[in-house]
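I am opening a notebook on a structure that is new to me, and I will write down what I look up in the order in which I look it up.

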Amino acid sequence: MLNWDDPFAATANKLTEADTTTESAPAANEPSPRISPVQTPTPAPQITVAPVNADDKRVINGMTDINQLAPFKYPWAWTYFLNANKNHWTPLDINMAQDVHDYRHKLTMEEKHVYENVLSYLTTSDILAMRNIGLAVMEKMSAPELQIYQARQVYEEALHTWTYQHCIETIGLDQSEIYNRYRVVPEINQKIQLANNRLNSILRSDIDLTNRDELENFVMSYAFFAGIFEGSWFYNGFSPIFALQRRGLMKGTAEQLQYIMRDEVMHASFGIRVVKQIIKEENVVLDPAKVQAMFEQAEAAEKTYAGYILRDPILGYSKEDHIGQFRFIANRRAKQMGFAEPFPGAEDALPWLDEQANMKKEKNFFETKVTEYQTGGALKWD
Ligand SMILES: [Fe+2]
Ligand SMILES: [Fe+2]
């Protein structure tokens, strides 16, 4: 058994025993062990030990020591990390009892269809978000303060996946069916494939970001994930369930999603800053037609998705609301990234949605934890 006060003790004892029982003195006719000749020590190579100069750091393609956190070149990245740590929660903190009752006795068939498909889309999306940041993006960063926040983001995406799993399990939905839905429902699959294609294009070990084509593709992918996938699809993706919450239904799930939304607003805002910084440092000029096409592709996929989840209308929320709000938020994200508005004239279809993102806290169970969490409205996007 392991001794936790001295975990190596047992192993050490065993080793001693083995040493004395299995080793024996060499036989007289065995050759004696070779002895190495005395080596003359060679002088140590001259290495530079001066601290990293913050000005030399770059978001990507930097040559400074990645293991040296400070001095910061991007102090805002460190602030994001500190801020993210003020929003610590787990899905177990939120009571789901009423949701079980609502799902079984109050939701209509149409509302159940919305609820299940939104969860099914979100849970697959969060796995993709985690893999994007953790496997494809983080390794390309050359300043540690950026990686530190991204490491937190990886954890948060895993936490979000746990949250959906907690909802799916508590409500008693068929897990293998719900998790597989993105593969059998083309209207969900289309959005997932758009993200998958972007991710796969940068999830390769042979990428050289000093190559202009590779660099442009990486920036487009980061802009897609920050501005569209997280900044628009996630931001807007919770709203069908918030619409139920506004009618007093599925309030536990909605509250879980509010905490996720706060994280996602931070992810989008951080990602957009990184994109803009790369564009500046590397003098990237993106083709406006390609950017516009990226937003239009996302809009087409969102339209198909909205048509499926809201094929039969539910009280207080329609597919027109959903797609209208997508266009309105997509314009906001495009402007934040310094691009032209892809959908000029789009109006705010869900004026209550920003309130959800800016929620300070509704209950006091975080009283000792969440004190000054920065909400979407307070974030610096520039
Ligand atoms: Fe997430
Ligand atoms: Fe995220």
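At what angle do helix α4 and helix α6 pack, and how far apart are their axes? I looked this up in what is a predicted model, and found that α4 (residues 109-137) and α6 (residues 175-184) meet at an angle of about 75°, their axes being 9 Å apart. An angle from 65 to 115 degrees counts as roughly perpendicular, so α4 is roughly perpendicular to α6. On the α4 side I listed Glu116, Asn117, Leu119, Ser120, Tyr121, Thr123 and Thr124 as making the contact, and on the α6 side Ile178, Tyr179, Arg181 and Tyr182.

Next I turned to the overall make-up. I noted 13 helices and zero strands in the protein, and of its 382 residues 37% count as buried. Taking the contacts between residues at least 6 apart in sequence, I found that 75% join residues at least 24 apart.

I then checked how far the model can be trusted from place to place. The mean pLDDT of the protein is 87, with 81% of the residues reaching 70 or more. Confidence is lowest in helix α1 (residues 9-22), where the mean is 44, and highest in helix α11 (residues 288-309), where it is 98. I marked two stretches in which pLDDT stays under 50: residues 10-28, for which the model has two contacts beyond four places in sequence, and residues 362-372, for which it has nine such contacts.

My next entry concerns the interior. The largest nonpolar core has 80 residues, and those touching the most other members are Val118, Tyr222, Ala223, Phe229, Ile241 and Val275. I followed one of them, Val118, and, leaving aside residues up to four places away in sequence, I found that it touches Gly237, Pro240, Ile241 and Ile309. As a general reminder to myself, nonpolar side chains tend to be buried together in soluble globular proteins.

I wanted to see how a single helix faces that interior, and chose α2 (residues 75-84), in which Ala77, Tyr80 and Ala84 are buried. These three cover an arc of only 55° around the axis, so they lie on the same side of α2. Pro75 and Leu82, on the other side of α2, are exposed. Among the elements that cover the buried residues of α2 I noted α5 (144-171) and α10 (251-281).

Last, I looked for unusual backbone geometry, bearing in mind that most residues other than glycine have a negative phi and that most peptide bonds are trans. The peptide bond from Ala70 to Pro71 is cis, with omega near 5°, and Pro71 is found in the loop between α1 and α2. Met250, in the loop between α9 (239-245) and α10, has a positive phi near 50° without being a glycine. Asn283, in the loop between α10 and α11, also is not a glycine and has a positive phi of about 50°.

Are Met250 and Asn283 buried or exposed? Met250 has 27 other C-beta atoms within 10 Å and is therefore buried, the cut-off being 20 or more. Asn283 has 9 other C-beta atoms within 10 Å and is therefore exposed, since 12 or fewer count as exposed.

Definitions and conventions
Residues numbered from 1 in each chain as written. Chains lettered and ligands numbered in written order. Core = buried A, V, L, I, M, F, W, Y, C linked by C-beta atoms within 7 Å. Contact = placed C-beta atoms within 7 Å. pLDDT = per-residue confidence, 0-100. Helix = DSSP H or I, 4+ residues; strand = E, 2+ residues; numbered from the N terminus. Arc of directions from axis to C-beta. Axes fitted to C-alpha atoms, helices over the stretch in contact; angles between N-to-C directions. Parallel < 35°, antiparallel > 145°, perpendicular 65-115°, else oblique.
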